[in-house]
Amino acid sequence: MLLKISDLNTFYEESHILQGISLEIDGGEIVSLLGRNGVGKTTTLKSIIGLLSPRSGDIIFKGQNICGMPSFEIANLGVAYVPEDRRIFPRLTVRENLLIGMKPWQKKQENGWTVEKIYKYFPALQERDGQKGAYLSGGEQQMLTIARGLMGNPEVMLLDEPTEGLAPKIVETVEQIIRDIHNHGVAILLVEQNMRVALRLASRVYVMSKGNIVFQGTGQELKENPEIRQKYLEV
Ligand SMILES: Nc1ncnc2c1ncn2[C@@H]1O[C@H](COP(=O)(O)OP(=O)(O)O)[C@@H](O)[C@H]1O
Ligand SMILES: [Mg+2]
């Protein structure tokens, strides 16, 4: 198992948000974490990447407990986090934004990502190479944040609602990018509110409600379970 989370409890002050979350991701797998607004999906990702300190629980990444480690160390070990608010640098060019995702102190990896390689997968970014981040569309900003995450050569990427607010055509592009990354052998934990997107991409899904996992199974099993879908997913 690449990443195994057991009985994670995370608080905001006195609010007990994550109430014993357990989930796991195998190497190269796409797993989706689904659930309505406010159930704790982002809190789960922030707990994994070390932006929040869980009060208890284990997060085992490649055999090492990373729970409570500083987030830059977790990132160095091979976990990339793409936040939902697409934090690109508006005054830097597309290329400069990508270079920020590199970790120059790490040994150069054979087959590692470079700007040129990124541009093969993201031709829309290549066209914008010298332009400032501020002038990108929402879809291009999303591509850029994902691409920047790849520049650190992660083994697993945590993607927080990457298709949110994008036009259907752009959603398709982002889905294809996620497939390409997966084909590259990178595992993905995909947080989504859009069940259709998750079912098209993920081999397994977890459904959250109020800080708990209330369902886990294959996409097919979720499709065949209208009760769970109505109660926890569809409006
Ligand atoms: N900074 C914060 N301080 C206090 N409560 C927060 C904070 N961020 C999120 N919450 C609360 O934690 C719960 C889970 O939020 P979040 O993980 O963002 O949900 P989701 O990503 O599933 O929409 C919500 O009830 C939200 O109000
Ligand atoms: Mg969220």
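Select lysine 210 to begin, in the loop between strand 9 (204–209) and strand 10 (212–218); in this predicted model, lysine 210 counts as partly exposed, with 13 C-beta neighbours inside 10 Å. Its phi is near 40°, a positive value in a residue other than glycine. Most residues other than glycine have a negative phi. With that in mind, move to lysine 62, where phi is near 45° and so again positive in a residue that is not glycine. Lysine 62 sits in the loop between strand 4 (56–61) and strand 5 (64–65), and it is partly exposed, with 15 other C-beta atoms within 10 Å.

Next, select ligand 1 and display what surrounds it: Tyr12, Ser15, Ile17, Gly35, Asn37, Gly38, Val39, Gly40, Lys41, Thr42 and Thr43. Colouring this shell by class gives three nonpolar, seven polar and one charged residues. Strand 2 (15–25) and helix 1 (41–49) each supply at least two residues of the shell, and it is helix 1 that gives the most, with three residues.

Stay with helix 1 and select the whole of it. Which of its residues are buried? They are Lys41, Thr42, Thr43, Thr44, Leu45, Lys46, Ser47, Ile48 and Ile49; since nine of the nine residues of helix 1 are buried, the helix is largely enclosed by the rest of the structure. Follow the chain out of helix 1 and you arrive at glycine 50, whose phi is positive, near 90°.

From helix 1, step across to leucine 33 in strand 3 (residues 30–34). Leucine 33 is buried, with 27 other C-beta atoms within 10 Å. Leaving aside neighbours within four places in sequence, its contacts are Lys41, Thr44, Leu189, Val191, Tyr206 and Met208, and of these Lys41 and Thr44 are among the buried residues of helix 1. A distance can also be drawn from here to alanine 202, which is 169 residues away along the chain from leucine 33, while the two C-alpha atoms are separated by 9.5 Å.

Now display the largest nonpolar core, which has 64 residues. Within it, Leu34, Val79, Ala147, Met157, Leu158, Ile188 and Leu190 touch the most other members. In soluble globular proteins, nonpolar side chains tend to be buried together. Centre the view on leucine 190 and, not counting residues up to four places away in sequence, look for its contacts with Ile30, Ser32, Leu159, Ile178, Ala198, Leu201 and Ala202.

One of those contacts of leucine 190, Ile178, leads to helix 7, so select residues 168–183; at 1.5 Å a residue, the 16 residues of this helix should span 22 Å, and its end C-alpha atoms are 23 Å apart, which agrees. The buried residues of helix 7 are Val171, Ile178 and Ile181. These cover an arc of only 80° around the axis, which places them on the same side of helix 7. Turn the view to the face directed away from that buried side, and there you find the exposed residues Lys169, Gln176 and Asn183. Among the elements covering the buried residues of helix 7 are helix 6 (138–150), strand 7 (156–160), strand 8 (187–192) and helix 8 (195–201). Just after helix 7, glycine 185 takes a positive phi of about 95°.

Select helix 6 next. Its 13 residues reach 19 Å from the first C-alpha to the last, close to the 18 Å expected at 1.5 Å a residue. Is helix 6 mostly covered or mostly open? It is mostly covered, with 11 of its 13 residues buried, including Glu140, Gln141, Gln142, Arg148, Gly149 and Leu150. What covers these buried residues includes strand 6 (79–82), helix 3, helix 4, helix 5 (123–127), strand 7 and helix 7.

Finish at glycine 101, in the loop between helix 3 (94–100) and helix 4 (115–121), where 22 C-beta neighbours inside 10 Å make the residue count as buried. Not counting residues up to four places away in sequence, glycine 101 touches Arg148, Gly149, Met151 and Gly152, and of these Arg148 and Gly149 are among the buried residues of helix 6. For a last distance, draw a line to phenylalanine 72, which lies 29 residues from glycine 101 along the chain, with 12 Å between the two C-alpha atoms.

Definitions and conventions. Residues are numbered from 1 along each chain as its sequence is written. Chains are lettered from A and ligands numbered from 1 in the order in which they are written. This is a predicted model: local features need pLDDT of at least 70, side-chain atom pairs count only at pLDDT 80 or more; totals for chains, interfaces and linings use all residues. Helices (H or I, at least four residues) and strands (E, at least two) are DSSP runs, numbered from the N terminus. The expected span of a helix is 1.5 Å times one less than its number of residues. A residue is buried if 20 or more other C-beta atoms lie within 10 Å of its own, exposed if 12 or fewer, and partly exposed in between; C-beta atoms are placed from the backbone. The arc is that of the directions from the helix axis to the C-beta atoms. Two residues are in contact if their C-beta atoms, placed from the backbone, lie within 7 Å. A residue is near a molecule or strand if its C-beta atom, placed from the backbone, lies within 6 Å of it. Ala, Val, Leu, Ile, Met, Phe, Trp, Tyr, Cys and Pro count as nonpolar, Asp, Glu, Lys and Arg as charged, and the others, Gly among them, as polar. A nonpolar core is a set of buried Ala, Val, Leu, Ile, Met, Phe, Trp, Tyr and Cys residues joined through C-beta atoms within 7 Å.
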